[in-house]
Amino acid sequence: MSHPHDPDDLSDASGDALDLFVGAIVGAIVRRASTADLSRLAAQSAPLLLPLLPEHPDAREDVQAMARMLARCVADHTPRPERRFAVLKSPRPGRNDPCDCGSGRKFKQCCLPLESGAPANPIEGMNLLPYVLDNLPRRRWAELVGSAIDPLAVDYAARAMLEGDEADRAIALLEPWFAGTAEISGRLEPLLDSLLDAYSVLARPRKKRTLIERALEHGDRIIRSSMHQRLATMAADEGDYGTAWRHFREAQRENADAASLSHLEVILLLNQGESERARERARFWIARLRRIDPVGHAGLIGLLEELVENGAEALVDMQTGLGEELDALRGLARAAPAPMAAHGFAGGSGEDLGMMVPDRELAAALDAWREVFPQVGPALTSLVIEEHPAWDVADTWLRCLRERPLLWQSFDVLDDLVLALTAVYVPGIEPLRDALLGRAETLLHLTLDPHTGKTLEWGHMANRPALRLLAQYIATDDEQPGDATLARMEWALALNPGDKHDYRTAVAAARLERREPERALEIVVRYPEDTSLCFARVLALYALGREGEALQVLRQAHALLPRIAPMLAAARPRKPALDPRWYTYGGADQAWHHRERFLGAWQTCEGALPWLRKALKALGRAG
């Protein structure tokens, strides 16, 4: 494996050359080669070092001398397995003694002048432990525990393995440090964090949880605080902020001076939408960290200052690594021209408007856009793309958007941007996303309001960006839709009666729960083929006082889907196994999903559930 170098010191070619040379020398050292053998190997490997030189030396002998000197530097910085991984400087011959490189000359006439006049040592600051591990059997890695090695060198090696997609090697390196029941010292905190990260990479949640529990039981206060902070982050990732704050307080109680608490507290507040409180706490932490160690905490202070200035937007930038690109897009969105209709329609008939067609000027701008923005779309009716290649070429399409502001009138462009944004979704990106979706909704009204009563069918590919944007806006608030979202759902049903996103179910449930059975009935009668909606029709008819019709529809619906009504009527039904990807038609899982969606509506309608239970008994006797 290769090992990272400081990019400010070495070019890629030089770094590769040094990597190969150092690897060869460290391998020989681990095999306990003599100084003379190292010198011979260095001379043989000298051609590897040519990229390190500003100009190739004229004499082969000069390159070999430099190689011998560099090999001696490597030996001086290599942790020696036979000496409990201590780093020991090699002894030097006396000035008038024979040089130990094997040349036969005196040391003062051979390698000493090279050492005395050598430029900056390229080995200085390098962690050579990864090279040692490459040449040491894994069964011996446990010897590092309790040795003279610096734990930070071990963590550096583990992090390099993780970055190189070698999490299994990182685990083999780190697990011996946490075997047994000995107390876990705070100096091992970096290693503990790296091991937990490795378990996460390889999806080993049980091992991760066991290690955290062991660290909480056997760790000192620094370790216990660190684990509570990690548990707080894990709980926040699952949306359980009550548990997250409980662990934060425990972490604070264990080690109130932990600088990482500042970042955790502010991030938790931002993720909960408490931007002003987050700014207030960030200012508090900035002042405290400056008092404690302004130099050592400079990076953290700078991060908190960024959060004070830009709030949730700064959080997005930090988590995505797209700070400059997102800032540029925000600026362009703020400076966008006022929305105006720039689309017509073609190929329509009857109530169908046909497909959207941009006007000539916008079409020309779109040709330029499609040349620079990767054209990828989600499958079928999905609203997301897991990974979007647009961010790899952001400078080109941002320039296009800047040079052609007319593109802001295009549904295709807005759809492209929203898909790219949601592919890097993290808490805090919502203001930019919602601004784009709000613009799209305004454009859609400007385009369609002159055509009231007409449909915009999903079946026309050109219509999908506009309809998908409307669906994206709905998706921001579809769990318990408010008035605006409910209106958007009903608009989407009117535009695209085929209802590719199942809004009819959400609208029927919401209208019934709001005690608006007439409006719910208007929806369900449009979809007689949707048998699961028949039970919503039953409730709407009952709420309207039409019990006879309700019983007749219930009888028909129950014959087709006999699990749904009993699931609704049960006081504490047993939850079946659920698959998040689909449900079985007529199965217990479908019945459970229906109950979750409509139970509130049945509970809201006075007498509805007792009537349903009574009706089911009657149907059972009749059956």
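This passage describes a strand pairing, a set of salt bridges and a buried helix in a predicted model.

The first element considered is a β-hairpin. Strand β3, which spans residues 343-349, pairs with strand β4, which spans residues 352-358. The pairing is antiparallel and comprises 6 bridges. Within this arrangement, His343 stands opposite Pro358 of β4. The hairpin has 2 residues between its strands, and Gly350 takes a positive phi near 65 degrees.

Attention then turns to charged side chains. Side chains of opposite charge can pair when their charged atoms come close. In the model, the count of salt bridges comes to 31. One of the pairs is formed by Asp257 and Arg288, whose closest N and O atoms are 3.2 Å apart. This pair links distant parts of the chain: Asp257 lies in the loop between α11 (241-254) and α12 (260-271), whereas Arg288 belongs to helix α13 (residues 275-292), and the two residues are 31 residues apart. Asp257 is exposed, since its relative accessible area is 54%, and the cut-off for this class is over 50%.

Helix α13 also contributes Arg290, the side chain of which meets that of Glu305 in a salt bridge with an N to O distance of 2.3 Å. Here too distant parts of the chain are linked, as Glu305 is located in helix α14 (residues 298-310) and Arg290 in helix α13, 15 residues apart. Both partners are partly exposed: the relative accessible area is 35% for Glu305 and 43% for Arg290.

A further salt bridge joins Glu490 to Arg511, with the closest N and O atoms 3.0 Å apart. Because Glu490 lies in helix α22 (residues 483-495) and Arg511 in helix α23 (residues 503-513), the pair ties together parts that are 21 residues apart in sequence. Glu490 and Arg511 are both buried, whereas Asp257 is exposed. Salt bridges also link several residues into a network, which consists of Arg159, Asp193, Asp197 and Arg230.

The last element is helix α25, which covers residues 534-543. Of its 10 residues, 8 are buried, and the helix is therefore largely enclosed by the rest of the structure. The buried positions in α25 are Cys534, Phe535, Ala536, Val538, Leu539, Ala540, Leu541 and Tyr542. Just after this helix, Gly545 takes a positive phi of about 85 degrees. A positive phi is likewise found at Gly350, in the hairpin of β3 and β4.

Note on methods:
Residues numbered from 1 in each chain as written. Predicted model: local features only at pLDDT ≥ 70, side-chain atom pairs only at ≥ 80, totals over all residues. Heavy atoms only, no water. Pairing = 2+ DSSP bridges. Helix = DSSP H or I, 4+ residues; strand = E, 2+ residues; numbered from the N terminus. Salt bridge = Lys/Arg side-chain N within 4 Å of Asp/Glu carboxyl O. Buried < 20%, exposed > 50% of the residue type's maximum accessible area, 1.4 Å probe, protein only.
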